[in-house]
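Please look through the sequence and the structure below, and then follow the paragraphs that come after them. They take up a few features in turn and explain how each is placed.

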Amino acid sequence: LSDTTNNCMRKIHLTTTVVTTIACSNSILSDPRGIVVYNNNLYIVDNSNNSIVQLDLATNTLTTVVASGLSSPRNLTLIGTDLYIADSGLDRVAKTTIGTWTLSTFAGSTQGYSDNVIGTSAQFRNLEGITTDGTSLYAADTGNHNIRKVTVPGAVVTTLAGQTISSGSNASYTNSTTYSTARFDNPRGITSDGLNLYVFDTNNAAIRKIQ
């Protein structure tokens, strides 16, 4: 896990619950956030350094693999060897591929809200979380108080749950069997078990499930 304020990566053994520190670095890590694992490496978005860092789990060696082009990245997810990043400061989903590390915009452009659009025609507002069910991306569009779906590879962006808005926002708390009438207030963390989405609805102090 990312021990954010300590600029460390920690390991918790699930059987023994023993906690160990596997890497700390004030020069490479500064406000580390989301993590994914691939091929015995941990990939970390580093919020303050606007970077992606690789942690070799065999040697506990830290290496910066994307050093520029991001702005306050909050989280990331993995499909195949492609990393998709919630690049909050640029209101976009960024993409890079493990091994080549070329950074590009997958979806999003300027801050705002536009829906049922493709790629850079989409708009988000302060993306915080991102996950995948193995096929599509799901983003916690924090400032717009809703959950967005992004198809892969087509990058078609639609609102999955929460208010579809043209201006302003309606932060609230509503459970509903109709996705468009559900309401969130600053959703941030999001993950998937392949069948359901689980959302940390921050200002409502709730964990929400989307089936």
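A disulfide is here a pair of cysteine sulfur atoms within 2.5 Å. In this model, which is predicted, a search of the whole structure turns up 1 disulfide, and the residues it joins are Cys 8 and Cys 24, with an S to S distance of 1.7 Å. Because Cys 8 belongs to strand β2 (residues 8–12) and Cys 24 to strand β3 (residues 19–24), the pair ties together parts that are 16 residues apart in sequence. The torsion about the S-S bond of Cys 8 and Cys 24 is about 105 degrees, and the disulfide is therefore right-handed. As for the surroundings of the two cysteines, Cys 8 has a relative accessible area of 8% and so is buried, whereas Cys 24, with a relative accessible area of 44%, is partly exposed.

From the disulfide we can turn to the aromatic rings, of which the structure holds 2 pairs. One of these pairs is formed by Tyr 43 and Trp 101, whose rings are tilted, lying 5.5 Å apart centre to centre with 50 degrees between the planes. Since Tyr 43 is in strand β5 (residues 41–46) and Trp 101 is in the loop between β10 (92–97) and β11 (104–108), this pair ties together parts that are 58 residues apart in sequence. Tyr 43 is buried, with a relative accessible area of 2%, and Trp 101 is also buried, its relative accessible area being 17%. Tyr 84 and Phe 106 make an aromatic pair that is edge-to-face, with 5.1 Å from centre to centre and 70 degrees between the planes. This pair, too, links distant parts of the chain, for Tyr 84 is found in strand β9 (residues 82–87) and Phe 106 in strand β11, 22 residues apart. Tyr 84 has a relative accessible area of 1% and is buried, and Phe 106 counts as buried at 10% relative accessibility.

Both members of that edge-to-face pair reappear in the largest nonpolar core, where, of its 15 residues, Tyr 84, Val 93, Phe 106, Ala 107, Phe 124, Leu 137 and Val 150 touch the most other members. Two or more residues of this core come from each of β9, β11, β13 and β14. Apart from this core lies another one, made of 14 residues, among them Tyr 43, Val 65, Leu 78 and Ile 98.

Which residues does Val 93 touch, once those up to four places away in sequence are not counted? They are Tyr 84, Ile 85, Thr 105, Phe 106, Ala 107, Phe 124, Leu 127, Ile 130 and Leu 137. Val 93 itself sits in strand β10 and, at 0% relative accessibility, counts as buried. Tyr 84, with its neighbours within four places in sequence left aside, is in contact with a set of residues including Asn 75, Leu 76, Val 93, Phe 106, Ile 130, Leu 137 and Val 152.

The strands themselves deserve a look, and two hairpins can be followed in turn. In strand β8 (residues 73–79), 6 of the 7 residues are buried, so this strand is largely enclosed by the rest of the structure. β8 pairs with β9 in the antiparallel sense over 6 bridges, and within this pairing Ile 79 has Asp 82 in β9 as its bridge partner. The two strands form a hairpin with 2 residues between them, and Gly 80 in the turn has a positive phi of about 65 degrees.

Further along, strand β13 (residues 127–132) has 6 of its 6 residues buried, so β13 is largely enclosed by the rest of the structure. Its pairing with strand β14 (residues 137–141) is antiparallel and runs over 5 bridges, with Thr 131 standing opposite Tyr 138 in β14. β13 and β14 form a hairpin as well, with 4 residues between them, and in its turn Gly 134 has a positive phi of about 95 degrees.

Finally, Gln 123 is placed in the loop between β12 (117–118) and β13. Its side chain is joined to that of Thr 110 by a polar contact of 2.9 Å. Leaving aside neighbours within four places in sequence, the residues in contact with Gln 123 include Ser 109, Thr 110, Tyr 113, Asp 141, Asn 144 and Arg 148.

Note on methods. Residues numbered from 1 in each chain as written. Predicted model: local features only at pLDDT ≥ 70, side-chain atom pairs only at ≥ 80, totals over all residues. Heavy atoms only, no water. Buried < 20%, exposed > 50% of the residue type's maximum accessible area, 1.4 Å probe, protein only. Pairing = 2+ DSSP bridges. Polar contact = N/O pair within 3.5 Å; in protein donor to acceptor, adjacent residues only side chain to side chain. Contact = heavy atoms within 4.5 Å. Phe/Tyr/Trp six-rings, centres within 6.5 Å; stacked < 30°, edge-to-face > 60°. Core = buried A, V, L, I, M, F, W, Y, C linked by side-chain atoms within 4.5 Å.
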